[in-house]
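Subject: Structure for your files

Hello,

Here is the structure I said I would pass on. My notes on it follow below.

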Amino acid sequence: MQIGDVFFPKFSEGFEFSEIKGQEKLVRALQIAAAGGHNLMAVGSPGCGKTMAIQKFPALLPYLTLDEAHSTTRIWSLAGLLQPNESLVRLPPFRMPHQTSTIEGICGGGVYCRPGEISLAHNGVLFLDEAAEFRSSVLQTLRVPIESGRITLSRAGRSTVYPAQFQLLMAANPCPCGNYGSQTKLCLCSASSVDKYWKKFSAPLLDRVDLRVSVVN
């Protein structure tokens, strides 16, 4: 599909936002985020649909430009992720690492200084589902790459710079049990546990999140 001079890929059934019911505010925020390249955080109780909606985000993104495709393809080639018949990555990457990911897995490293998730998301999206479940140290490492668009890895006297120009999307519960602020469910979390839960997101990291959306059932 073409809109002006911008080409969009055709996605299969299941990626359309028409399947999202009752979350017009979140869908509109995702549209704004896609149009402006904004970082976004959706907060809501389990089962409200925030993860499902964000997973459909790639349907809003156009094909990569030729320059973007070349730089993305080089990174994926270094990581050994290119398919045998794939010569160029044209779709924006959508990376969704697990909550148990280490700093090395997110930022890159190892013996050969391989690129991590933030570089594999270059020119695309890094989605952290249940973001508060990630280690605080992992969340804090995102600040500099978000600001600079690159990351420097150093190991045994060797330094490697990888591009990391990614869009950050996060989904989180409002508290450890997920029921804080609910009109129909009881929150069993203490005030101190809720405070500790949100302290995982430092102020400098949240300052880099342009859109924050409260999602309700």
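To begin with one loop: Asn-123 sits between α5 and β7 (125-128). Please keep in mind that this is a predicted model. Asn-123 has a phi near 65°, which is positive although the residue is not a glycine. Most residues other than glycine have a negative phi.

Glu-130 is another case of a positive phi in a residue other than glycine, with a value near 50°. Glu-130 belongs to the loop that runs between β7 and α6 (136-140). Is Glu-130 buried, partly exposed or exposed? Its relative accessibility is 22%, so Glu-130 counts as partly exposed; the cut-off for buried is under 20%.

Helix α3

I also looked at helix α3, which covers residues 66-78 and so has 13 residues by the helix assignment. From its first C-alpha to its last, α3 reaches 19 Å, close to the 18 Å expected at 1.5 Å a residue. The buried residues of this helix are Ala-69, Ser-71, Thr-72, Thr-73, Ile-75 and Trp-76.

What do the buried residues of α3 pack against? Two of the partners come as the short strands β4 (94-95) and β6 (114-115). The others are helix α5 (117-120) and strand β9 (158-163). Helix α5 also comes just ahead of the loop that holds Asn-123. Just after α3, Gly-80 takes a positive phi of about 75°.

The chain as a whole

The protein chain contains 9 helices and 11 strands. Its radius of gyration is 18 Å, which agrees with the value near 17 Å for a compact globule of 217 residues. Along the principal axes, the C-alpha atoms fill a box of roughly 50 × 45 × 30 Å.

Of the 217 residues, 45% are buried. Among contacts with a separation of 6 or more, 73% are between residues 24 or more positions apart.

On the surface, the protein chain exposes about 11,700 Å², and carbon and sulfur atoms supply 53% of that area. The chain carries 21 positive and 17 negative charges, and the mean positions of the two sets are 6 Å apart.

Regards

Methods: Residues numbered from 1 in each chain as written. Predicted model: local features only at pLDDT ≥ 70, side-chain atom pairs only at ≥ 80, totals over all residues. Heavy atoms only, no water. Helix = DSSP H or I, 4+ residues; strand = E, 2+ residues; numbered from the N terminus. Expected span 1.5 Å × (residues − 1). Buried < 20%, exposed > 50% of the residue type's maximum accessible area, 1.4 Å probe, protein only. Contact = heavy atoms within 4.5 Å. Rg over C-alpha atoms; globule rule 2.2 N^0.38 Å. Areas by Shrake-Rupley, 256 points an atom, 1.4 Å probe, with all protein chains shown as cover. Lys, Arg positive; Asp, Glu negative; His and termini not counted. Charge placed at Lys NZ, Arg CZ, Asp CG, Glu CD.
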